[in-house]
Amino acid sequence: MINLEIPRKFNALVRQAQEVAGEVLRPISRKYDRAEHARPVELDMLAAVIDGMNEGNSEVGGTGATGVRRDANAGADGVNRNGTNLSTALSIMELCWGDVGMLLSMPRQGLGNSAIASVANEEQLARFKGRWAAMAITEPGCGSDSAAIRTTARLDGDHYVLNGEKIFVTSGDRADLVVVWATLDKSLGRAAIKSFVVEKGTPGFDLVRLEHKLGIRASDTAAFVLTDCRVPKANLLGDPDINPEKSFAGVMQTFDNTRPLVAAMAVGLTRACIEEMGRILKDAGLAPDYNRPLHRQSAAASEFVRMQADYEAARLLTMQAAWMADNAQPNSLQASLAKAKAGRTCVDVALKCVELAGSIGYTENALLEKWSRDAKILDIFEGTQQIQLLIIARRLLGKSSAELK
């Protein structure tokens, strides 16, 4: 049995994340939403504090978005473990209650760090420790279908030569490293796709644009062009050989770890919206009465209870997917279930709260307006809603990507 209550050993970690969210992130949330592309300098000191917390908290994981390595021996002794993936998801829920864009802007907490933690060897883990890594997958002609990547990598002596274009790279401007997905041979499809750690300042790796966005404006989103960019062989993550049975699956394992984390972001933002809406309904005398049938209460109260139910479902699915990763259980289906449910719930709840709150929700005097803009990206990046549903269908029906498109 999986106990989906918060494990007691994580209570201190969750409280720390709550304090950071409430005392640091939430107060400057609107400031950096308005000052798009400005670096949130308040986070530099916070990142150093979090690093110290993580160093002293190795048994239960960290407060930020890193540390989602899957241990092949976890659970081998039959012991059910609540470990790094679950603790990270729980802390992310709290931090995104504060501000999603701020979490994505936090130094050394990028999705590229999660990719490195997931598949890097011990030498790479040591070499890249303490550095901020972004992740570059999306291309102008390749979005959710990561198998359609056209950026190429050609082996030349002790280096790979990368050529291509990457867009929508979260933290691409501020990060020290970028994990770039590229193909060793376009004709071999998915099996030839690998990930490479490219250091900022590498010749041929040029930042060409910063995006202006609907939401998460505190987080920078960059576009890069790679022109004969030479990357050391030692910077390839995972197996350098092309194995049709394992190669792409190894790269995709990153998503099995990071999708529950993105789901956790959505869960945190959903909770923020629900708590704010609950306060507004209470002030208006419309708070739901849980001892009365919903059809005998106001439409607003009924909608609020429905949102709470969707939130709880998303939260439990997210915790389950993270728990399975901690216990070395295949969780591709559960990771996509969590991401799909949490992403959709976050968008639906944020927009419904704006609607129910009326003028209060539509102005910049409250954060509901901002949260409704921040929410949409959580249903898009790390695989869109449609892609998650496709993955879920394939898993449930036992179909391959070639059989069900």
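Which residues is C273 in contact with, leaving aside its neighbours within four places in sequence? The first exercise answers this.

The model is predicted, so local features need pLDDT of at least 70 and side-chain atom pairs count only at pLDDT 80 or more, while totals for chains, interfaces and linings use all residues. Residues are numbered from 1 along each chain as its sequence is written, and side-chain values use heavy atoms, with hydrogens and water left out.

**Exercise 1. List the contacts of C273 and place the residue in a core.**

Step 1. Contact means heavy atoms within 4.5 Å. With neighbours within four places in sequence set aside, C273 touches V349, A350, C353, L368 and W371.

Step 2. A nonpolar core is a set of buried Ala, Val, Leu, Ile, Met, Phe, Trp, Tyr and Cys residues joined through side-chain atoms within 4.5 Å. Buried means under 20% relative accessible area, exposed means over 50%, and partly exposed lies in between (1.4 Å probe, protein chains only).

Step 3. The largest nonpolar core has 63 residues, and C273 is among those with the most contacts inside it, together with L25, M265, L269, M277, L368 and L378.

Step 4. Helices (H or I, at least four residues) and strands (E, at least two) are DSSP runs, numbered from the N terminus. The elements giving two or more residues to this core are α1 (11-25), α3 (42-55), α4 (84-98), α5 (100-105), α8 (247-283), α9 (299-326), α10 and α12 (368-375). The most comes from α8, with 14 residues.

Step 5. A second, separate core has 20 residues, including A153, V169, A222 and F224.

**Exercise 2. State how much of α12 is buried.**

Step 1. In α12, 8 of its 8 residues are buried, so the helix counts as mostly covered under the cut-off of the term.

Step 2. The buried residues of α12 are L368, E369, K370, W371, S372, R373, D374 and A375.

Step 3. For the whole protein chain, 54% of the 405 residues count as buried.

**Exercise 3. Describe how α10 packs against α13.**

Step 1. Two packed helices are described by the angle between their axes and the distance between the axes. Axes are lines fitted to C-alpha atoms, for helices over the stretch in contact, and angles run from 0 to 180 degrees between N-to-C directions.

Step 2. Helix α10 (residues 332-357) and helix α13 (residues 385-397) pack at about 145 degrees, with their axes 9 Å apart.

Step 3. A crossing is left-handed if the near helix is turned anticlockwise from the far one by less than a right angle, and right-handed if clockwise. The crossing of α10 and α13 is left-handed.

Step 4. From α10, S332, L333, S336, L337, K339, A340 and R344 meet Q385, Q388, L389, I391, I392, R395 and L396 of α13.

Step 5. By class, this contact has 7 nonpolar, 4 polar and 3 charged residues. Ala, Val, Leu, Ile, Met, Phe, Trp, Tyr, Cys and Pro count as nonpolar, Asp, Glu, Lys and Arg as charged, and the others, Gly among them, as polar.

**Exercise 4. Examine three salt bridges and a network.**

Step 1. A salt bridge is a side-chain nitrogen of Lys or Arg within 4 Å of a carboxyl oxygen of Asp or Glu. The whole structure holds 26 of them.

Step 2. K166 and E139 form a salt bridge at 2.9 Å, N to O. K166 lies in strand β3 (residues 159-170) and E139 in the loop between β1 (133-136) and β2 (152-156), so the pair ties together parts 27 residues apart in sequence. Both K166 and E139 are buried.

Step 3. D310 and K341 form a salt bridge at 3.1 Å, N to O. This pair links distant parts of the chain, with D310 in helix α9 and K341 in helix α10, 31 residues apart. D310 is partly exposed at 22% relative accessible area, and K341 is partly exposed at 27%.

Step 4. In the salt bridge of E355 with K352, the closest N and O atoms are 3.3 Å apart. Being 3 residues apart in helix α10, E355 and K352 are separated by about one helical turn. E355 is exposed at 53% relative accessible area, whereas K352 is buried at 17%.

Step 5. Salt bridges that share partners join E303, R306, D310, K341, K352 and E355 into one network.

**Exercise 5. Locate two residues with positive phi that are not glycine.**

Step 1. H37 has phi near 75 degrees. H37 lies in the loop between α2 (29-34) and α3, and is partly exposed at 26% relative accessibility.

Step 2. I216 has a phi of about 35 degrees. I216 lies in the loop between β6 and β7 (221-232), and is buried at 5% relative accessible area.
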